[in-house]
Amino acid sequence: MFAAKSYTSRHYIAIVAMACLCVLLGGPSYAAGAESLIIAGATYCEPGVSGPGWAWTDTDQLELNGYAGEAIGAEGDLVLTLAGQNSVTESHAPDADITLCGMEVWGNLTLRGTGTLTATGSQCGIHVSRTLVVDGCAVDARADGADVTDEAVAGVIAGDMAVCGRGRVVATGAGSGAGVRAYGVYLQDAGLGDGAAGCRLSVDASWLDAAGADGGIACTGGSLVSARFVTPVGGVFGASGVVDAGGSAAPHVVVEPDVTTPPAGETDRGEVPGDSADKPPADANPAAGEPTTGPTANPLLASE
């Protein structure tokens, strides 16, 4: 298993308190979906609201189309549909409920649609307490480790993670603080009781590029359906993540579909970093080093 659990409980307490306040103020309590939403620095207790680049249309349905703003947080399950290019960045306000990640969902999160999402934070780009599913869209999750000590830092922190439907994920983690452990994808059992996530990774005919000094992917098991390791060559799942042929944790992990010829109309999306002589320069690939602060130039996130 891993070292100490990475994500502190104070953020969960803040979001639960927010949800309870919504109920006390007269907002309905839903059996499924998100009970409350934080977006663009504001808190909402029920759907039917919108703003520049976003619309919360139903309890479990959020749409982003050209959103570029502060962190998004939800208490409960959420399906996020992406159109166009979108970005979420942690709020640095001292009184912000979400302070260390770009997106935080206490439940299950599904990302889908034809658009892209770049999520940036200090400890994690995207934090999901249960299962993260990336279905057909392109996601770039980055953590830079700024002001973080004695914690795990990762582009994605979740319970389970599945990439499917020709989805594309780049996840990077970095940090230089005392006791920081940096991963691209860090999967952990949140200990939430029955049905809790269990540190499982599935990549099905999709792309995943994960990098971190202490391991590209940290998890206890996985499934690579219709997929293969490009980096490290001969990589396998070890006791605590992906290891190379020598059994050492792999700091860079690239998974791509076994089928090298994409379906008609998708020939421009068949490459992943590290798998082509024509790949982009290293400074254009967020998985190649420190996360950048501007919009990603990675071909995995190019709009169709």
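**Reading the features of a predicted chain**

Colleague: How many disulfides does the count come to?

Modeller: The count comes to zero disulfides, a disulfide being a pair of cysteine sulfur atoms within 2.5 Å. In general, a disulfide is a covalent bond between the sulfur atoms of two cysteines. Here Cys-164 is in no disulfide, and the nearest cysteine sulfur, that of Cys-137, is 9.0 Å away. This is a predicted model, in which local features need pLDDT of at least 70 and side-chain atom pairs count only at pLDDT 80 or more, while totals for chains, interfaces and linings use all residues. Residues are numbered from 1 along each chain as its sequence is written, and side-chain values use heavy atoms, with hydrogens and water left out.

Colleague: Why is Cys-219 not bonded to Cys-199?

Modeller: The closest cysteine sulfur to that of Cys-219 belongs to Cys-199 and lies 7.8 Å away, which is too far for a bond.

Colleague: Are Cys-219 and Cys-164 buried or exposed?

Modeller: The scale is relative accessible area: buried means under 20%, exposed over 50%, and partly exposed in between (1.4 Å probe, protein chains only). Cys-219 has 0% relative accessibility, so it counts as buried. Cys-164, at 22%, is partly exposed. Of the 304 residues of the chain, 50% count as buried. The accessible surface of the chain comes to about 12200 Å², with 52% of it belonging to carbon and sulfur atoms; such areas come from the Shrake-Rupley method with a 1.4 Å probe, and for residues only the protein chains shown count as cover.

Colleague: How many helices and strands are in the chain?

Modeller: The chain has one helix and 27 strands. Helices (H or I, at least four residues) and strands (E, at least two) are DSSP runs, numbered from the N terminus.

Colleague: Which way do the side chains of strand β5 point?

Modeller: In a regular strand the side chains alternate between the two faces of the sheet. Strand β5 (residues 61-65) shows this: Leu-62 and Leu-64 point to one face and are buried, whereas Gln-61, Glu-63 and Asn-65 point to the other and are not.

Colleague: Which strand does β5 pair with in the parallel sense?

Modeller: Strands of a sheet pair through backbone hydrogen bonds, either parallel or antiparallel. Two strands count as paired if DSSP finds at least two bridges between them. β5 pairs with β8 in the parallel sense over five bridges, and Leu-64 stands opposite Leu-82 in β8. Strand β4 (residues 54-58) runs antiparallel to β5, with four bridges, and a hairpin through two residues joins β4 to β5. Trp-56 has Leu-62 in β5 as its bridge partner.

Colleague: What is the order of the strands in the open sheet that holds β18?

Modeller: The order is β6-β9-β12-β15-β18-β21-β27-β24, eight strands with mixed pairing. The edge strands, each pairing on one side only, are β6 (68-70) and β24 (227-231). Inside the sheet, β18 (residues 168-173) runs parallel to β21 (residues 207-212) over six bridges, with Val-170 opposite Asp-209 in β21.

Colleague: What does Thr-231 touch?

Modeller: A contact means heavy atoms within 4.5 Å. Not counting residues up to four places away in sequence, Thr-231 touches His-252, Val-253 and Val-254. Thr-231 lies in β24. The C-alpha atoms of Thr-231 and Val-254 are separated by 4.8 Å, though the two are 23 residues apart along the chain.

Colleague: Which strands stand at the edges of the sheet β2-β1-β7-β10-β13-β16-β19-β22?

Modeller: This too is an open sheet of eight strands with mixed pairing. β2 (42-44) and β22 (217-218) stand at its edges with a single partner strand each, so one side of each is left without a neighbour in the sheet. β1 (residues 36-39) runs antiparallel to β2 over three bridges, and Leu-37 has Tyr-44 as its bridge partner.

Colleague: How many residues does the largest nonpolar core have?

Modeller: A nonpolar core is a set of buried Ala, Val, Leu, Ile, Met, Phe, Trp, Tyr and Cys residues joined through side-chain atoms within 4.5 Å. The largest has 48 residues, and those with the most contacts inside it are Leu-109, Leu-111, Ile-126, Leu-132 and Met-161. Strand β8 (residues 78-83) gives the most to this core, with three residues. A second, separate core of eight residues includes Cys-124, Ala-152, Tyr-186 and Ala-218.
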